[in-house]
Amino acid sequence: MTDRPSPRISSRKQPKQARSTDLVAAVLEAAVQVLAKEGAQRFTTARVAEKAGVSVGSVYQYFPNKAAILFRLQSDEWRQTTGLLRAILEDAERPPFERLRDLVHAFIRSECEEAEMRVALGDAAPLYRDAPEAQDAKAAGAGIVQGFMREVLPGVPEAARVLAGDLVKDTLSQVGKAFSESPRTPAEIAAYADAMADMFGAYLESLERAAARKP
């Protein structure tokens, strides 16, 4: 049995001139609107081109297929998340648990603000989730979280730190997604984020205490 080849999801070329940059920006903006309105199942390159007011051929200059467009939207979202992680967790001038609380608040708020688009991108994930580019994008965020764990849990064994980082990252992602699937008020978002931050803080502090008790 042979493995199914992953679809090509990288852009054909990068825009270098202002006109090309504007075209790509228009295509991506149109893609966001088509995805939000039609969903992943009815998302097509032709619909994106029509919404952007350009020819399908112009879209294909930069994106070889619809999977490449969707992956670009997803990778932009991952890039924003990675930037959020780095800006908050690597701010060494602030106490670690304060940074963690700020991250939880920022992440949950972002999940709720962009819930519709995230659900649609989640539905489209089978088109690109096995591609190497997708795995590389996810690994960047995981590295930032693990770096934070090494800082906040210096006395905890490496295996336990890795597990803690994975649990925090995966819980934040999955629980945040589930929470955002229903409309939330700012007060509800703040209360939920505080509770989640308290939970993470208690968990990490328990790992610190357990490590301190060991000879």
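In these legends, a residue is called buried when its relative accessible area is under 20%, exposed when it is over 50%, and partly exposed in between. The model shown is predicted.

**View 1. The whole chain is built from helices, 9 of them, with 0 strands.** Read along the sequence, the pattern is α-α-α-α-α-α-α-α-α. Of the 215 residues in the protein chain, 38% are buried. Contacts with a separation of 6 or more come mostly from afar in sequence: 70% of them join residues 24 or more positions apart. The chain averages a pLDDT of 85, and 90% of the residues score at least 70.

**View 2. The start of the chain, residues 1-7, has pLDDT under 50 throughout.** For this stretch the model has 3 contacts beyond four places in sequence. Please look at such a region with some caution: where pLDDT is low, the predicted coordinates should not be read in detail.

**View 3. Helix H5 covers residues 96-113.** Does its length fit its residue count, and what span should we look for? At 1.5 Å a residue, the 18 residues of H5 should span 26 Å, and the end C-alpha atoms are indeed 26 Å apart, so the two values agree. The buried residues of H5 include Arg99, His105, Ser110 and Glu111 alongside Leu100, Leu103, Val104, Phe107 and Ile108. Ala106 and Cys112 of this helix are buried as well.

**View 4. Glutamate 111 is a residue of helix H5.** Its relative accessibility is 5%, so glutamate 111 counts as buried, the cut-off being 20%. Which residues does glutamate 111 touch, leaving aside its neighbours within four places in sequence? Its contacts are Arg118, Ser173, Gly176, Lys177 and Ser180.

**View 5. The largest pocket holds about 900 Å³ of space.** Of the 30 residues lining this pocket, Glu77, Trp78, Lys138, Ser173 and Gln174 are the closest to its centre. Helices H4 (66-89), H5, H6 (115-124), H7 (132-152) and H8 (158-180) each give at least two residues to the lining. By type, the lining divides into 15 nonpolar, 7 polar and 8 charged residues.

**View 6. Tryptophan 78 sits in helix H4.** With a relative accessible area of 17%, tryptophan 78 falls under the 20% cut-off and is therefore buried. Follow the backbone from here to lysine 138: the two residues are 60 apart in sequence, while their C-alpha atoms are 7.3 Å apart in space. Both tryptophan 78 and lysine 138 are among the residues closest to the centre of the largest pocket.

**View 7. Serine 58 belongs to helix H3, residues 56-60.** Serine 58 counts as buried because its relative accessibility is 15%. Valine 24 lies 34 residues away along the chain, and the C-alpha atoms of the two residues are separated by 9.3 Å.

**View 8. Helix H9 takes in residues 186-213.** Its 28 residues should span 40 Å at 1.5 Å a residue; the end C-alpha atoms are 41 Å apart, which agrees. Among the buried residues of H9 are Ile189, Met196, Phe200, Leu204 and Leu207. Ala193, Ala197 and Gly201 are buried too.

**View 9. Glutamate 188 also has its place in helix H9.** Is glutamate 188 buried or partly exposed? At 36% relative accessibility, glutamate 188 counts as partly exposed. Leaving aside neighbours within four places in sequence, glutamate 188 is in contact with Phe179 and Pro183.

Technical notes
Residues numbered from 1 in each chain as written. Predicted model: local features only at pLDDT ≥ 70, side-chain atom pairs only at ≥ 80, totals over all residues. Heavy atoms only, no water. Helix = DSSP H or I, 4+ residues; strand = E, 2+ residues; numbered from the N terminus. Expected span 1.5 Å × (residues − 1). Buried < 20%, exposed > 50% of the residue type's maximum accessible area, 1.4 Å probe, protein only. 1 Å grid on protein atoms, 1.4 Å probe; cavity = no way out; pocket = protein on both sides within 12 Å on 5 of 7 lines; lining within 4 Å. Points joined across faces, edges and corners; volume = space filled by probe spheres on them. Nonpolar A, V, L, I, M, F, W, Y, C, P; charged D, E, K, R; others polar. pLDDT = per-residue confidence, 0-100. Contact = heavy atoms within 4.5 Å.
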